[in-house]
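This briefing is meant to be read beside the sequence and the three-dimensional view. Topics are grouped so that each element can be followed in turn.

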Amino acid sequence: MLRQQNSWLDSDAWDRLAGFRGHLLLVEAEHDAVIPRALSQRLHDSASQAKSRSRLLIDGAGHLLAAHWQAHPDAARRYQQHIARFLLQD
């Protein structure tokens, strides 16, 4: 879906997300050269019926989040805490 520029625009994800009623968390890397920020925004916007929608930006990270967290363990702990709070919501 992402191998060609803007190929994700024709995805069926938008229609599927329109009916999603759960909690949505999108994790984004600040310097991701693979996943465009516009894709995350469209995913967020498409889930208009979701119980909640949020976006978590990982400051300073590129596409390889595991490498970022290995180099920045404090950032990894903050991410884990955020995910735990997200999973424990109603």
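In which helix is R77 found? R77 is found in helix α4, and the model in which it is placed is a predicted one. With a relative accessible area of 42%, R77 is partly exposed, because that value lies between the 20% limit for buried and the 50% limit for exposed. R77 and A67 are ten residues apart in sequence, and their C-alpha atoms are 14 Å apart in space.

**Overall architecture**

- The chain has four helices and two strands, and, when it is read along the sequence, these elements follow the pattern α-β-α-β-α-α.
- Along its principal axes the C-alpha trace spans about 40 × 35 × 15 Å, while the chain exposes about 6300 Å², of which carbon and sulfur atoms supply 51%.
- Of the 90 residues in the chain, 30% are buried.
- When contacts between residues at least 6 apart in sequence are considered, 68% of them join residues at least 24 apart.

**Nonpolar cores**

- The largest nonpolar core has eleven residues, namely L25, A29, L56, I58, A61, L65, W69, A75, A76, I83 and F86.
- At least two residues of this core come from each of β1 (23–29), β2 (52–58), α3 (65–71) and α4 (73–88), and the largest share, four residues, is supplied by α4.
- A second core, separate from the largest one, consists of five residues, including L17, L24, L26 and A50.
- A75, a member of the largest core, is in contact with H68 and W69 once its neighbours within four places in sequence are left aside.

**The largest pocket**

- The largest pocket holds about 170 Å³ of space, and its lining is made up of L56, L57, I58, D59, H68, W69, A75, R78, Y79, H82 and R85.
- β2, α3 and α4 each contribute at least two residues to the lining of this pocket, with the largest share, five residues, coming from α4.
- By residue class, the lining of the largest pocket divides into six nonpolar, two polar and three charged residues.
- L56, I58, W69 and A75 are listed both in the largest nonpolar core and in the lining of the largest pocket.

**Helix α2 and S40**

- In helix α2, which covers residues 37–46, the residues L39, S40, H44 and S46 are buried, and what covers the buried residues of this helix includes α1 (13–18), β1 and β2.
- S40, which is found in helix α2, counts as buried because its relative accessibility of 7% falls under the 20% limit.
- Apart from neighbours within four places in sequence, S40 is in contact with L26, E28, I35 and R55; of these partners, L26 is also listed in the second nonpolar core.

**E30, between β1 and α2**

- E30 has its place in the loop between β1 and α2, and it counts as partly exposed because its relative accessibility, 33%, lies between the limits of 20% and 50%.
- Although E30 and A61 are 31 residues apart along the chain, their C-alpha atoms are separated by 5.4 Å.
- Leaving aside its neighbours within four places in sequence, E30 is in contact with R37, L57, I58, D59, G60 and A61.
- Among these partners of E30, L57, I58 and D59 are also named in the lining of the largest pocket, and I58 and A61 are named in the largest nonpolar core.

**D90, after α4**

- Is D90 buried or exposed? D90 is exposed, because its relative accessible area of 67% is over the 50% limit.
- D90 has its place in the segment after α4, where it touches H23 and K51 when residues up to four places away in sequence are not counted.
- D90 and A75 are 15 residues apart in sequence, and the C-alpha to C-alpha separation of this pair in space is 25 Å.

Notes: Residues numbered from 1 in each chain as written. Predicted model: local features only at pLDDT ≥ 70, side-chain atom pairs only at ≥ 80, totals over all residues. Heavy atoms only, no water. Core = buried A, V, L, I, M, F, W, Y, C linked by side-chain atoms within 4.5 Å. Buried < 20%, exposed > 50% of the residue type's maximum accessible area, 1.4 Å probe, protein only. Contact = heavy atoms within 4.5 Å. 1 Å grid on protein atoms, 1.4 Å probe; cavity = no way out; pocket = protein on both sides within 12 Å on 5 of 7 lines; lining within 4 Å. Points joined across faces, edges and corners; volume = space filled by probe spheres on them. Nonpolar A, V, L, I, M, F, W, Y, C, P; charged D, E, K, R; others polar. Areas by Shrake-Rupley, 256 points an atom, 1.4 Å probe, with all protein chains shown as cover.
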